[in-house]
Every structure is written in structure tokens, then in C-alpha cells.
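Here's a walk through the two ligand sites first, then the aromatic contacts, a pair of helices and a few odd backbone spots. Have the viewer open while you read.

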Amino acid sequence: MASPRLPDAVPPGSRSLPTVAVVGRPNVGKSTLMNRILGRREAVVAEQPGVTRDRKEMPASWQGREFTVVDTGGWLPRSAGDDSSMEAKVSAQSEKSMTEADVVVMVADSQTGITGDDEGVAGRLRGRAGPVLVAVNKVDDEKHESLIWEFIRLGLGDPFPVSALHGRGVGDLLDAVLASLPQDSPRAPDGRGADEESVTVSVAVVGRPNAGKSTLFNRLIGENRSVVHDQPGTTRDAIDTVVRTELGLVRFVDTAGMRRRARIDQAAEYYSLLRALAAVDRSDIALLVVDATVGVTHQDQRLAERIDAAGCPIVVLLNKWDLLDAEAKAAVSADVGRRLHFLGDAAVLRISALSGKGLSRLLPELRGVIAEYRRRIPTQAVNRVLRDAQAAHPAPDGARVLYATQGAADPPTFTLFANRTLPRTYLRYLERRFREAFDLGSVPIKLRVRRRSGE
Ligand code: GDP
Ligand code: GDP
């Protein structure tokens with residue numbers, strides 16, 4: 001076993017922290033927001049609009065994750081032929097921090113709505129490769145929250161309502177910032193990225209007692225020799241195990257029961273369900289281990305439904321395949337089609353955890369699921385598919401989706417702005433079109449519908 005090499009055991013300063021640039025036209029509340037994020041009055045709040053500041057980089061942290069906030073001092077797109085002005089100089093420097101930042105937060109003002117300058121800033125940001133979040137500021141109370149939907153027009157995804165002044169919504173914004181930060185530090189100065197790697201994916205191994213979870217887990221660890229470290233999970237007795245694999249570091253969530261043999265008692269089934277659901281909540285992917293000698297049981301079905309509803313992709317492992325004769329194999333395969341049909345084309349692997357047979361396909365399968373899961377689709381493409389889908393098959397009774405955007409990537413979540421309620425069947429139709437157009441395979445897709453008055 002390798003000595004513990006915790007990602008955060010790296011001495012401070014030996015790697016560059018991810019950067020978050022805050023941009024927006026003057027007076028929208030960037031400084032106020034930065035003060036909020038920094039938790040102290042570090043950035044200067046300008047008394048008058050447009051007061052220029054030097055670019056500043058300030059250390060910040062949220063939920064234990066450290067990053068650098070870059071103050072862009074009122075970034076505006078450069079106006080042609082005006083390169084000598086103070087504004088142009090500020091903009092050039094700000095533009096540099098905007099380009100280099102890992103995540104950009106564009107701040108806008110709910111009280112003024114979208115201005116020409118906002119459109120200019122957004123236009124520049126839409127061309128950016130990295131993530132951009134829109135914070136619509138000065139939403140000081142709930143009743144002003146609907147003001148944010150206008151900002152969807154900026155084409156940068158779902159806006160976040162915040163009140164920098166009162167702190168409202170800033171936590172949610174920061175959660176989204178963290179979720180958009182790079183998973184590992186690609187800019188390690190000495191190129192020794194391996195030591196600074198962070199976990200690429202969290203996997204829950206779930207299934208009924210005796211399905212073979214422990215056997216599988218021990219085999220996965222055995223084949224990927226270096227167990228990097230164990231980490232306490234969230235509950236008192238949960239233990240996560242981080243393993244180095246060809247996919248990078250993989251965290252197996254709540255492996256406590258799989259490391260010491262769990263006692264089987266009457267409550268085991270119920271308890272294992274609760275435990276499995278808690279593990280799934282903390283995971284990117286669930287491996288559902290089914291005892292193929294028993295078949296797909298009602299309990300397996302319930303578990304799969306709950307995982308699916310939580311938006312977590314599933315790989316089904318039909319275990320103990322070595323014990324089945326041809327007839328039993330056919331019966332179990334039919335079971336999967338019947339009892340787990342709602343999983344769509346989720347991967348189903350037939351394995352023997354005991355012998356390792358069939359397991360070589362697992363990591364490549366996980367790689368595919370992760371790649372699909374993390375994809376983010378440009379807003380224009382989403383709307384193109386939406387337009388074609390509606391042209392081919394309009395919704396009944398004059399219902400129409402005006403605009404759609406992908407809010408989150410994990411799992412792909414599309415927000416549809418519709419003039420009225422859409423029937424479920426129509427939503428399923430749209431989901432299918434999105435799935436086909438973007439090749440999303442078995443990844444769960446969420447559709448959220450928001451009502452808007454027609455345009
Ligand atoms: P910057 O030019 O974008 O850095 O904007 P500032 O942070 O200097 O804020 C501009 C003005 O908006 C100041 O008067 C702030 O007090 C005010 N402001 C900032 N955030 C909020 C907010 O959440 N709600 C309200 N009502 N006013 C805000
Ligand atoms: P858990 O309760 O889900 O962790 O299940 P275990 O990993 O403890 O396995 C339960 C029993 O099934 C043990 O006796 C294992 O040796 C056996 N087992 C697990 N996987 C296989 C397999 O692929 N083939 C066979 N023949 N037995 C297996």
C-alpha cells in the first residue's frame with residue numbers, strides 16, 4: 001500500500017490555485033460581491049461608477065476549496081481606435097484575466113436590466129472556452145427573483161439571483177463556481193501533476209446483501225494496486241477508499257461494509273438500502289451489483305429507481321455469472337429488460353467478481369459514462385434541436401417552448417421556458433430528441449420547465 005498522499009498535503013504555493021474572475025460593467029456590484037466572497041473588505045467599493053482599479057488577485061475559499069478571485073476593475077469590451085484611453089488600458093488587462101481565468105462570473109444588475117454594455121461583455125464571454133456564470137445582483141428579496149430570467153437572453157446559461165449587499169444567493173453561486181472549477185490542477189508548475197491529482201470520479205457500489213459487493217470491491221482494489229488513502233465519509237462509520245486507476249483517482253464511497261464483512265441480520269436489507277441511497281447522494285456513478293443467481297428482485301428494482309431519480313447514472317453488474325447455466329442466463333437477461341427497462345440503455349455487464357471475469361470492461365465503461373455525464377452543450381445547439389423538434393412535432397394546444405438552456409452539466413439539466421404547461425408525453429419527446437441529438441446515451445437528463453408569457 002502506498003504511503004498516504006493526500007492532495008492537500010502539497011505545501012502551500014507549490015501549485016497555482018484555480019482562478020475566478022469577476023467581470024461586468026461598472027456599478028453592477030462587483031466589488032460588493034467580491035467583499036462577500038472574501039468575507040472582508042478587501043476590494044474597494046467605488047463611490048462613483050466607473051472608478052478604475054488595478055487588477056487584484058485575492059485568495060478566497062469556500063467549502064474548504066481554495067481559489068483566487070481576480071478583480072477585473074470594471075471590464076468593458078474595448079472600443080476600436082481608442083487604445084490610449086484609461087478605459088482601454090483597464091480593459092486590456094481585465095481582458096487578460098478574463099481569458100486566463102478558470103471560471104468567469106459575470107455580474108449584472110437586476111434593477112437596470114440588460115444594458116448595451118452588458119451585451120458587449122456577454123458577447124465576449126460567449127466566445128470563451130471555459131465556464132461562465134451569470135450573477136444577477138441586487139435581488140435583495142424573493143419577490144424580485146423573477147427579474148433574473150430576462151438575463152437568460154445573454155446566452156450564458158441560467159442566471160443566479162444574488163444580493164451581494166445582503167449575501168442572499170451568494171452561497172449557491174459559490175457552489176456553482178466550485179462545481180465549475182477544474183477537477184485537478186492542470187497548471188502544476190513542476191509538472192508533477194500526479195501528486196496533486198484530485199479525485200476524478202466518485203463511485204458507489206450498491207446492491208442487496210450478499211450480491212457480491214465486497215468481493216467486487218476487493219477485486220477492483222487488488223487490480224489497481226495503489227490504494228491511495230482512506231477518508232472518513234460523512235456519517236460516523238462511513239469510510240471512503242480512494243484508488244488510483246487508469247481513469248485517475250477514483251473514490252469508492254462508503255466502503256465500510258465492504259471492507260469488513262457486514263453482519264447479515266433481519267434489518268440488513270432495509271439498512272443496506274438506506275446506506276446505499278446515502279452513498280449514491282455522494283457519488284457521480286452507481287454500480288448496481290445484482291446477484292444473478294437470484295435474478296433482478298423487487299428490491300433491486302426499487303434501488304435502481306431511486307438512484308435513477310437522484311440523477312445518478314447506473315452501470316448494472318450481473319454478478320456470479322459463473323454460476324449460471326444457459327437457461328438461467330437467458331432468464332436473468334429477460335429480467336433486466338422487464339424490471340429495469342426505465343434505465344434505458346444503461347450499460348449491463350455480466351461479471352464474476354470472484355474470478356474477475358468480465359471486469360476488464362468496467363473501467364472503459366465508466367470512462368464513457370463520465371465523459372457523457374460531464375458534457376455541456378452550447379446554448380445555440382440546444383435551441384437548434386429544440387426548434388427542429390418543435391417544427392417536426394409541435395406541442396398540443398398552442399403550447400410552445402420559447403427558449404431552452406442547459407443549466408447544469410452534472411447531470412445534463414435543461415431549463416425550458418414555455419408559454420404554458422407542457423404535457424408529460426411532450427416532455428418525454430423533447431428529452432428523447434435531446435438525448436439523440438447530443439448522443440447522451442444512458443445519462444439521465446433533467447428537464448425543468450419555467451412558465452413565461454409568450455413573446
Ligand atoms: P462595481 O462598480 O461593479 O464594483 O459596483 P459596486 O460594488 O461598487 O456597487 C455599486 C453600487 O451598487 C453600490 O452603491 C453598492 O452599494 C450597490 N450594490 C451592490 N450590491 C448590491 C445589492 O446586492 N443590492 C443593492 N440594493 N445594492 C447593491
Ligand atoms: P456483499 O454482501 O454484497 O458484500 O457480498 P459478498 O461480496 O460478501 O459476497 C457474498 C457471497 O457471494 C460470498 O460468499 C462470495 O464469495 C460470493 N460471490 C461473490 N461474487 C461471486 C461471483 O462472481 N461468483 C461466485 N460464484 N460467488 C461470488
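## Ligand sites and surroundings

Start at ligand 2, where one of the oxygen atoms sits 2.8 Å from an N or O atom in the side chain of K213. Keep in mind that this is a predicted model. Two further polar contacts are worth clicking on: a polar side-chain atom of K320 is 3.2 Å from an oxygen atom of ligand 2, and a polar backbone atom of A353 is 2.9 Å from an oxygen atom of ligand 2. On its own, ligand 2 would expose 580 Å², and the protein buries 81% of that.

Who else is around? The surroundings of ligand 2 come to 16 residues, with N210, K213, S214, T215 and D322 the closest. By type, the shell around ligand 2 splits into five nonpolar, six polar and five charged residues. Helix α6 (residues 213–223) is the top contributor to this shell, giving three residues.

Now hop over to ligand 1. Here 18 residues surround the ligand, and N27, K30, S31, T32 and D140 come nearest. The shell around ligand 1 holds six nonpolar, seven polar and five charged residues. Helix α1 (residues 30–38) gives the most to it, again with three residues.

For the polar contacts of ligand 1, look at K30: an N or O atom in its side chain is 2.7 Å from an oxygen atom of the ligand. The side chain of S163 also places an N or O atom 3.2 Å from an oxygen atom of ligand 1. L165 joins in through a polar backbone atom, 3.0 Å from an oxygen atom of ligand 1. Ligand 1 has 580 Å² of accessible area when taken alone, and the protein covers 81% of it.

Here are those contacts in one place:

| Ligand | Residue and part | Distance to a ligand oxygen atom |
|---|---|---|
| Ligand 2 | K213, side chain | 2.8 Å |
| Ligand 2 | K320, side chain | 3.2 Å |
| Ligand 2 | A353, backbone | 2.9 Å |
| Ligand 1 | K30, side chain | 2.7 Å |
| Ligand 1 | S163, side chain | 3.2 Å |
| Ligand 1 | L165, backbone | 3.0 Å |

On to the rings. How many aromatic pairs are there? With ring centres within 6.5 Å as the cut-off, the count comes to seven aromatic pairs. One of them is F414 with F434, a stacked pair at 4.5 Å centre to centre and 10° between the planes. F414 belongs to strand β15 and F434 to helix α13, so to speak two distant parts of the chain, 20 residues apart, linked by this pair. Both F414 and F434 are buried.

F414 has another stacked partner, F438, at 6.4 Å centre to centre with 20° between the planes. Because F414 is in strand β15 and F438 is in the loop between α13 and β16 (446–451), this pair ties together parts 24 residues apart in sequence. F438 is buried, as is F414. Elsewhere, ring pairs join W149, Y403 and F417 into a cluster.

Just along from β15 (412–418) comes N419, in the loop that leads to α13 (424–437). The side chain of N419 makes a polar contact with the backbone oxygen of G398 at 3.1 Å. The same side chain reaches the backbone nitrogen of R400 at 2.7 Å.

Next, a quick geometry check on two helices. Helix α9 (residues 298–309) has twelve residues, so at 1.5 Å a residue it should span 16 Å; its end C-alpha atoms are 16 Å apart, which agrees. Its buried residues are Q299, D300, Q301, L303, A304 and I307. Helix α12 (residues 379–392) has 14 residues and should therefore span 20 Å, and its end C-alpha atoms are indeed 20 Å apart. Buried in α12 are T379, A381, V382, N383, V385, L386, A389 and Q390. For reading such lists, recall that an α-helix has 3.6 residues a turn, so residues three or four places apart point the same way.

Last, two backbone oddities. D254 is not a glycine, yet has a positive phi of about 50°. D254 sits in the loop between β10 (248–253) and α7 (256–259). Is D254 buried or exposed? Its relative accessible area is 11%, so D254 counts as buried.

D439 is not a glycine either, and has a positive phi of about 55°. D439 is in the loop between α13 and β16, and is exposed, with a relative accessible area of 59%.

Notes: Residues numbered from 1 in each chain as written. Chains lettered and ligands numbered in written order. Predicted model: local features only at pLDDT ≥ 70, side-chain atom pairs only at ≥ 80, totals over all residues. Heavy atoms only, no water. Helix = DSSP H or I, 4+ residues; strand = E, 2+ residues; numbered from the N terminus. Polar contact = N/O pair within 3.5 Å; in protein donor to acceptor, adjacent residues only side chain to side chain. Phe/Tyr/Trp six-rings, centres within 6.5 Å; stacked < 30°, edge-to-face > 60°. Buried < 20%, exposed > 50% of the residue type's maximum accessible area, 1.4 Å probe, protein only. Near = heavy atom within 4 Å. Areas by Shrake-Rupley, 256 points an atom, 1.4 Å probe, with all protein chains shown as cover. Nonpolar A, V, L, I, M, F, W, Y, C, P; charged D, E, K, R; others polar. Expected span 1.5 Å × (residues − 1).
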